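Dear colleague,

Please find the structure below, handed over for your use. A description of what was found in it comes after.

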Amino acid sequence: MVIVTRIRREVLTLPAAELGPDNPLPPLHPLDEVHRIDDRDRVGMPRDMARQLDCEPLTSLLPVRVRDGYGRTRTLRALDALVIENDRLRATVLPGLGGRVASLRHLPTGRELLYRNPVFQPADFALNGAWYSGGIEWNIGSTGHTTLSCAPLHAARVPAPDGGEMLRLWEWERLRDLPFQVDLWLPDGSDFLYAGVRIRNPHEHPVPTYWWSNTAVLEDVRVLAPADEAWQFGYERRLRRIPVPSYDGIDRTRPLDSPYAADYFYDVPDDRRRWIAALDADGHGLVQTSTDTLRGRKLFVWGHRPGGRRWQQWLTEPGTGGYCEIQAGLARTQLEHVRLEAQSEVSWLEAYGPLDAPSTGEWPQAVRGVEDRLETALPRARVEQAYADWLPYADTEPVATLAAGSGWGALEVLHSDGKLPGTPFPESTLGEAQTPWRELLRTGSLPEPSGVRPPGESLVAPHWRDMLETAPATPHTEYHLGVAQWHAGDRAQAVRSWERALRGAPARWPLLRCLAVADQTSGHHERAAERYLDAFDDLCRALPHSPNDAADAPGHDSDTGGEVWAAVRAALGRETLLALLRLQCTADARAVWDRLPPAVRERGRFRLLEAELLFAEGRPEAARAVLDEDVEVADLREGEETVGRLWSRLTDEPLPARLDFRMRPDQP
């Protein structure tokens with residue numbers, strides 16, 4: 001048999017916003033998590049589901065940093081892409097942006113099977129901020145979109161089970177410290193893209209594990225899955241079991257019929273094949289199926305109310321049509337985590353391809369019709385056999401490197417002196433961020449940063465915390481030790497570490513900021529505001545007098561250095577303003593505002609803060625004028641209602657459509 005599958009490099013050019021620098025402040029605040037439920041919703045819940053809801057849900061983003069440096073100005077940019085293609089399908093993958101399958105085109109018909117976003121526009125939907133819509137994304141870590149949404153993955157060519165080639169994507173997920181891989185391949189003549197997925201736990205203790213594969217498709221479809229009930233979860237934070245397809249007089253399997261954004265987790269019986277399909281009125285569309293390990297299936301809709309439509313415009317180019325998501329995961333719902341035992345792994349196979357089947361009619365008949373067509377197009381036994389054929393190749397070493405991810409996996413492998421067959425993390429991938437930690441590992445001492453510059457990234461896993469506790473107690477080491485102790489829940493000891501470090505620290509602002517967060521967490525908001533002011537003053541003394549001359553900051557040796565200092569001033573200034581406004585300290589807040597660089601004050605998030613400040617100063621007309629200037633808050637958070645609340649304080653007029661991002665009904 002002649003293997004015609006090809007993997008090649010390509011450049012995808014499209015209007016794209018710049019990601020900008022990460023937030024340089026460690027995320028010490030509790031996780032901003034909208035996926036929490038009322039205890040009343042646990043009544044009647046299956047025991048395994050209730051147990052998995054309590055399986056160590058994530059409480060912190062550490063050691064990952066927040067990505068909030070992006071804007072909404074888009075220019076044509078060339079994105080590196082990898083294309084895997086046979087004579088039936090062409091899949092375009094973005095290794096530098098989470099390994100997203102941006103496009104899946106069926107060549108005989110010319111149909112695009114996914115929602116292909118015509119722009120790259122980050123928005124605040126990932127656990128750590130920046131995320132973008134469209135395609136097939138691989139979500140690992142915890143409830144929500146992965147912190148790797150806009151991060152590079154390792155990629156390489158690997159031999160496939162049929163003698164051809166696979167495209168392997170892999171990385172080290174840092175929230176749970178778990179390496180994972182996704183192997184993509186197209187058997188000769190196949191209408192289905194195969195994805196072999198494996199998550200490994202190399203540790204000597206169990207780890208809570210999360211995975212959902214999210215597929216964006218055009219929303220003018222009917223979504224079918226083999227279930228008669230679903231768990232509905234909306235932004236009211238209520239979880240309820242509802243019948244499928246209709247509930248409360250609305251057919252919830254038709255995305256455009258639902259009024260508000262919501263998740264529908266289909267309760268697929270244990271004995272049914274795992275699949276989900278999105279079919280248009282003519283019966284054309286996409287089906288996703290898998291081996292049974294990937295048990296969950298979900299539909300996410302934006303709804304037809306103004307807030308949902310505004311989000312659709314926000315995430316793409318207005319006038320290009322909306323999308324919904326069909327998803328598949330390890331548990332019934334995304335509120336759960338499954339336990340991955342020590343020194344073990346979990347793996348499965350997924351398949352994505354075109355399907356033609358009637359989507360209309362009564363639910364049982366429509367579901368059975370889709371299932372029958374799927375069995376003809378891709379028998380369940382063939383999927384099981386493909387999984388069995390792939391497993392021996394999961395450990396096969398890459399043949400040719402196509403893209404590089406981060407160096408964090410290499411650092412962890414260096415620490416454990418372990419081997420992860422099939423997913424190498426070579427020392428050559430170690431970079432500037434990992435250098436001081438490699439030195440700590442080799443010498444037992446964390447090196448001081450050269451010059452006066454912001455502290456680097458902190459590591460918080462127990463083995464790194466142990467090393468910090470035995471390292472020479474320099475101010476820099478005490479700073480990072482405090483962050484690790486804070487993450488471990490030892491808040492009092494973290495405060496003591498930061499206070500000790502203050503005595504000899506060349507720069508006090510990083511420590512004062514950490515102590516301010518600790519004060520806020522314990523309810524001491526006045527002391528927190530004072531420490532924030534001291535931290536901001538200390539930072540400004542270390543920076544140039546001209547707010548436009550960040551490139552002259554101490555320790556600056558490149559354009560990137562100047563960008564980091566600008567990000568520090570913006571991040572600390574924002575937190576300081578919020579702390580002061582909470583206490584109505586308007587004079588101090590105005591003084592901080594005046595010391596921010598003009599380029600920072602012009603950002604949408606800071607324009608919103610300016611409006612809050614003006615209102616607090618008793619100048620509602622000026623605050624209203626700010627909102628009337630078509631403010632765009634680039635990092636508006638999923639479910640955030642700040643803009644709407646401020647508007648209602650300023651006027652009784654209806655919220656303008658451009659400011660309406662409401663994702664739930666008004667609460668009584």
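The paragraphs that follow describe the sheet, the cores, one helix, the aromatic rings and some backbone details.

Please bear in mind throughout that this is a predicted model.

I begin with the sheet. It is open and has 9 strands, in the order S15-S21-S22-S26-S12-S11-S10-S9-S27, with antiparallel pairing. Its edges are formed by strand S15 (222–224) and strand S27 (400–403); each has a single partner strand, so one side of each is left without a neighbour in the sheet. On average, and with direction ignored, neighbouring strands of this sheet are turned by 20 degrees against each other. At one edge, S15 is joined by 3 bridges to strand S21 (residues 275–279), and the two run antiparallel. There, Val 223 stands opposite Ala 278 in S21.

Two helices lie against these strands. Helix H3 (residues 363–377) crosses S15, S21, strand S22 (284–290) and S26, and runs at about 70 degrees to S15. Helix H4 (residues 380–390) also packs on the sheet, where it touches strand S10 (165–173), strand S11 (178–185), strand S12 (193–201), S22 and S26. The direction of H4 makes about 135 degrees with that of S26.

How many residues of strand S12 are buried? The count is 9 of its 9 residues, and the strand is thus mostly covered. Leu 193, Ala 195, Val 197, Ile 199 and Asn 201 point one way from S12, while Tyr 194, Gly 196, Arg 198 and Arg 200 point the other way. S12 has antiparallel partners in S11, through 6 bridges, and in S26, through 9 bridges. Asp 183 stands opposite Gly 196 in S12, and Ile 199 stands opposite Val 346 in S26.

Ile 199 appears again in the nonpolar interior. The largest nonpolar core has 86 residues, and those with the most contacts inside it are Trp 138, Leu 184, Ile 199, Trp 211 and Tyr 266. Strand S26 (residues 344–356) gives the most to this core, with 6 residues. Apart from it lies another core, of 67 residues, which includes Leu 420, Leu 511, Ala 516 and Val 568.

Helix H2 (residues 306–315) deserves a paragraph of its own. Of its 10 residues, 7 are buried, so H2 is largely enclosed by the rest of the structure. The buried residues are Gly 307, Gly 308, Arg 310, Trp 311, Gln 312, Trp 314 and Leu 315. They pack against strand S6 (123–126), strand S7 (129–131) and strand S24 (323–329).

H2 also leads to the aromatic rings. The structure holds 21 aromatic pairs. One of them is formed by Trp 311 and Phe 661, edge-to-face, at 4.9 Å centre to centre and with 65 degrees between the planes. Trp 311 lies in helix H2 and Phe 661 in the segment after helix H17 (642–650), so the pair ties together parts that are 350 residues apart in sequence. Trp 311 counts as buried at 0% relative accessibility, and Phe 661 is buried with a relative accessible area of 8%. Both belong to a cluster linked by ring pairs, together with Tyr 115, Phe 125, Trp 131, Phe 300, Trp 302, Trp 314 and Tyr 323.

Charged side chains also sit over rings. The charged end of Arg 72 is placed over the ring of Trp 314, 3.6 Å from its centre. Likewise, Arg 174 lies over the face of Trp 408, at 3.9 Å from the ring centre.

Finally, some details of the backbone. A cis peptide bond joins Leu 62 and Pro 63, with omega about 10 degrees; Pro 63 is in the loop between helix H1 (47–53) and strand S2 (74–85). The peptide bond from Val 244 to Pro 245 is also cis, with omega near 15 degrees, and Pro 245 is found in the loop between strand S17 (239–243) and strand S18 (246–247). Asp 177, although not a glycine, has a positive phi of about 60 degrees; its place is the loop between S10 and S11. Asp 630 likewise has a positive phi of about 60 degrees, in the loop between helix H16 (620–627) and H17. Is each of these buried or partly exposed? Asp 177 counts as buried, at 15% relative accessibility, whereas Asp 630 counts as partly exposed, at 46%.

With kind regards

Note on methods: Residues numbered from 1 in each chain as written. Predicted model: local features only at pLDDT ≥ 70, side-chain atom pairs only at ≥ 80, totals over all residues. Heavy atoms only, no water. Buried < 20%, exposed > 50% of the residue type's maximum accessible area, 1.4 Å probe, protein only. Helix = DSSP H or I, 4+ residues; strand = E, 2+ residues; numbered from the N terminus. Contact = heavy atoms within 4.5 Å. Core = buried A, V, L, I, M, F, W, Y, C linked by side-chain atoms within 4.5 Å. Pairing = 2+ DSSP bridges. Axes fitted to C-alpha atoms, helices over the stretch in contact; angles between N-to-C directions. Phe/Tyr/Trp six-rings, centres within 6.5 Å; stacked < 30°, edge-to-face > 60°. Lys NZ or Arg CZ within 6 Å of the ring centre and 35° of its normal.
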